[in-house]
Amino acid sequence: MKGIVFTEFLELVEAKFGLETVDEIIEKSNLPSKGAYTSIGTYDFSEMIALISNLSEKTNLTIDELLYVYSLHFFSVLERDYSMILKTYKNPMELLSSVESHIHVEVRKIYPDAELPRFEIKNQTKNKLELIYYSSRSMYAFAHGLIEKTFEHYGTSASVSYQKIKEDGSEVKFVILENE
């Protein structure tokens, strides 16, 4: 997993829960990296699981709740560092329907070893998009937040619902209805 995901996660934890919490979850997680991340490095996903699991235990928030909150923070990173990609699209539905065919292609150019989720469009109309999310990492709550923030970025809103196809969250159907 790319280091930027770790560095931004720890920044969020510090902002929301304090530096002591950052130190505590790093220490408790017994990480091979010792919690020393660089944004351009690559780290094992098990380290993120350890960090977020320990944060969940400390805060009494579920992992899905924490991933959702983290996604809201992470979207600001996308706006800051990848605004040129966001400017490529006229509206959120156009962007979301291009994740697999364009955005992930661009991400792989920057980070060739990135392990990205896969999104398959099942149905699309002007105001409705049905996507299937596939990822062994089961970070669908993170995807959910990014989808919602995409609409906010374009100054519109949508109803976003999801249904787990596989109980472990590795396959999830999203239904996005843009509000008119």
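**Close-ups of a predicted model**

**View 1. N60 sits in the loop that links α3 to α4 (63–81).** This is a predicted model, so let's begin with a residue that stands out in it. N60 follows α3 and has a positive phi, near 60°. That is worth a second look, because most residues other than glycine have a negative phi. Is N60 buried or exposed? N60 is exposed, since its relative accessible area is 69% and the cut-off for exposed is over 50%.

**View 2. N30 lies in the loop between α2 (19–29) and α3 (45–59).** Here is another residue to inspect: N30 is not a glycine, yet its phi is positive, at about 50°. With a relative accessibility of 66%, N30 counts as exposed.

**View 3. Helix α3 has the end-to-end span expected for its 15 residues.** At 1.5 Å a residue, α3 should span 21 Å, and its end C-alpha atoms are indeed 21 Å apart, so the two values agree. Now look for the side chains tucked away: the buried residues of α3 include F45, M48, L51, I52 and L55. E47, N54, S56 and T59 are also among the buried residues of α3. Which helices do the buried residues of α3 pack against? They pack against α1 (3–17), α2 and α4.

**View 4. Confidence in the chain is highest in strand β4 (residues 171–178) and lowest in helix α7 (residues 99–110).** The mean pLDDT is 98 for β4 and 83 for α7. Over the chain, pLDDT averages 94, and 100% of the residues score at least 70.

Conventions. Residues are numbered from 1 along each chain as its sequence is written. This is a predicted model: local features need pLDDT of at least 70, side-chain atom pairs count only at pLDDT 80 or more; totals for chains, interfaces and linings use all residues. Side-chain values use heavy atoms; hydrogens and water are left out. Helices (H or I, at least four residues) and strands (E, at least two) are DSSP runs, numbered from the N terminus. Buried means under 20% relative accessible area, exposed over 50%, partly exposed in between (1.4 Å probe, protein chains only). pLDDT is the predictor's confidence in each residue, from 0 to 100. The expected span of a helix is 1.5 Å times one less than its number of residues. Contact means heavy atoms within 4.5 Å.
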